[in-house]
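These are my notebook entries from going through one model, residue by residue and then as a whole. I wrote down what I looked up in the order in which I looked.

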Amino acid sequence: MSEQEVLYEVVDGVATITINRPAKYNALNSSVVTTLREFFKKAEENQTVRVIILTGAGEKAFAAGADITEFQSKNSKTVRPLAENGQMLCKYIESMTKPVIAAVNGIALGGGCEIAMACDIRYASSNAILGQPEINLGIIPGFGGTVRLPRLVRLGMAKELVYSGDHIKADEAFRIGLVNRVFQSVEELKHGALDLAMKLATKPGIALGLAKQSLNNAWEMPLKTNLEFEVDVFCKTFDTEDKDEGVDAFLNKRKANFKHK
Ligand code: COA
């Protein structure tokens, strides 16, 4: 695997992971998916990294989905590792203790849309196009699209998108809640994603991670278990130095300086 197909850079506590196959609309071949997981793991394990941005190289695409050239010779048995690899990546992103921002800088179709949905926050440029077009290939989403899409948008809307395979523009994605914000250009998107990342990098890391876990659990656990979990992790934050710092800073009318401890 050539590492250049995925780029990794850390600046001021923000790791930027860039899918780098612009000539192929950043299509996700198996080695790209595996390398993405390795880089997310690297970012998770690096104590200096507070926030991760995932984006695509160039001005056209975030990722145009799984690499369709890998589908040709596959059957139900041989394609399984491909789907499992994609699902593992998405689950890993969700399980991370750090916030992950998808900067959707163009086409995010199929697996591209699915990976963006596994991220915590989606910002898009106005040229972004999202969708789950797998039906047009005679298949269905396999990186978690049928599971995460109805959790982010209404079930009826998810069904319409998956059944029709239609592409939607950034404004429509914003309207249905699939992206949080739309920026006029890819350049503005870059700044917007970085501004958010820098802001989140100043927040108390342990509390952020626990908030992420609790919010993600809201999808999976029954209400009662969720609420108990929230109490447990709420209490945990009271044993952190950051809680002492945050409360003291408020009471003394000064800006908190969190140490993520
Ligand atoms: N897998 C493999 N290659 C892909 C790809 C994918 N998912 N998406 C785009 N490409 C490749 C094209 O084959 C083409 O390669 P080539 O220059 O060697 O012929 C190159 O990227 C440019 O794509 P092209 O189709 O010529 O550009 P376009 O502007 O006309 O259309 C898309 C762009 C993204 C709308 C179109 O390529 C597309 O629909 N891609 C597939 C999306 C999809 O179905 N994703 C789900 C996969 S499960």
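Entry 1, the end of the chain. I began with K253, which I found in the segment after α10, the helix of residues 241–251. The model is a predicted one, and I read what follows with that in mind. I asked whether K253 is buried or exposed. Its relative accessibility is 77%, and because exposed means over 50%, K253 counts as exposed. I also looked up the backbone of K253 and noted a phi near 50°, a positive value in a residue other than glycine. In the segment after α10 I then came to H260, whose phi is near 60°, again a positive value in a residue other than glycine.

Entry 2, from K253 to F143. I wanted to know how many ångströms separate the C-alpha atoms of K253 and F143. The separation is 47 Å, for two residues that are 110 residues apart along the chain. F143 sits in the loop between β8, residues 129–131, and α4, residues 145–152. With a relative accessibility of 5%, F143 counts as buried, whereas K253 counts as exposed. I then listed what F143 touches, leaving aside its neighbours within four places in sequence, and the contacts include L28, V33, A66, L82 and A83. Further along the chain, the partners of F143 include G86, Q87 and C90, and also G111, E114 and R148.

Entry 3, helix α3. Two of the names in the contact list of F143, G111 and E114, sent me to α3, since I found both among the buried residues of that helix. I asked how many residues of α3 are buried. The count is eight of its eight residues, so that the helix, which runs over residues 111–118, is mostly covered. Besides G111 and E114, the buried residues of α3 include G112, C113 and I115, and also A116, M117 and A118.

Entry 4, A193. I went next to helix α7, residues 186–201, which holds A193. A193 is buried, and its relative accessible area is 1%. Not counting residues up to four places away in sequence, I found A193 touching I53, I101, A103 and Y123. For a reference towards the end of the chain I took K259, which is 66 residues from A193 in sequence and 23 Å from it in space, C-alpha to C-alpha.

Entry 5, the domains. The domain assignment gives domain 1 as residues 3–201 and domain 2 as residues 205–251. The contact between them takes 13 residues from domain 1 and six residues from domain 2. I noted 27 Å between the centres of domain 1 and domain 2, taken over C-alpha atoms.

Entry 6, helix α9. I looked up two residues of this helix, N226 and T237, with the helix covering residues 223–237. N226 has a relative accessibility of 12% and counts as buried. T237, at 16% relative accessibility, also counts as buried, because the cut-off for buried is under 20%. Which residues does N226 contact, leaving aside its neighbours within four places in sequence? They are N217, A218 and M221. From N226 to L215 is eleven residues in sequence and 9.0 Å in space, C-alpha to C-alpha. T237, with its own neighbours within four places left aside, is in contact with A207, L210 and K243.

Entry 7, the whole chain. I closed with the overall values, starting from the ten helices and ten strands of the chain. The C-alpha trace spans about 60 × 40 × 35 Å along its principal axes. For 261 residues a compact globule would have a radius of gyration near 18 Å, and the 19 Å of the chain agrees with this. Of these 261 residues, 46% count as buried. Among the contacts with a separation of 6 or more, 69% come from residues 24 or more positions apart. The accessible surface comes to about 13,700 Å², and 56% of this belongs to carbon and sulfur atoms. Last, I noted 32 positive and 32 negative side chains, with the centres of the two sets 2 Å apart.

Definitions and conventions. Residues numbered from 1 in each chain as written. Predicted model: local features only at pLDDT ≥ 70, side-chain atom pairs only at ≥ 80, totals over all residues. Heavy atoms only, no water. Rg over C-alpha atoms; globule rule 2.2 N^0.38 Å. Buried < 20%, exposed > 50% of the residue type's maximum accessible area, 1.4 Å probe, protein only. Contact = heavy atoms within 4.5 Å. Areas by Shrake-Rupley, 256 points an atom, 1.4 Å probe, with all protein chains shown as cover. Lys, Arg positive; Asp, Glu negative; His and termini not counted. Charge placed at Lys NZ, Arg CZ, Asp CG, Glu CD. Domains from an automatic or database assignment.
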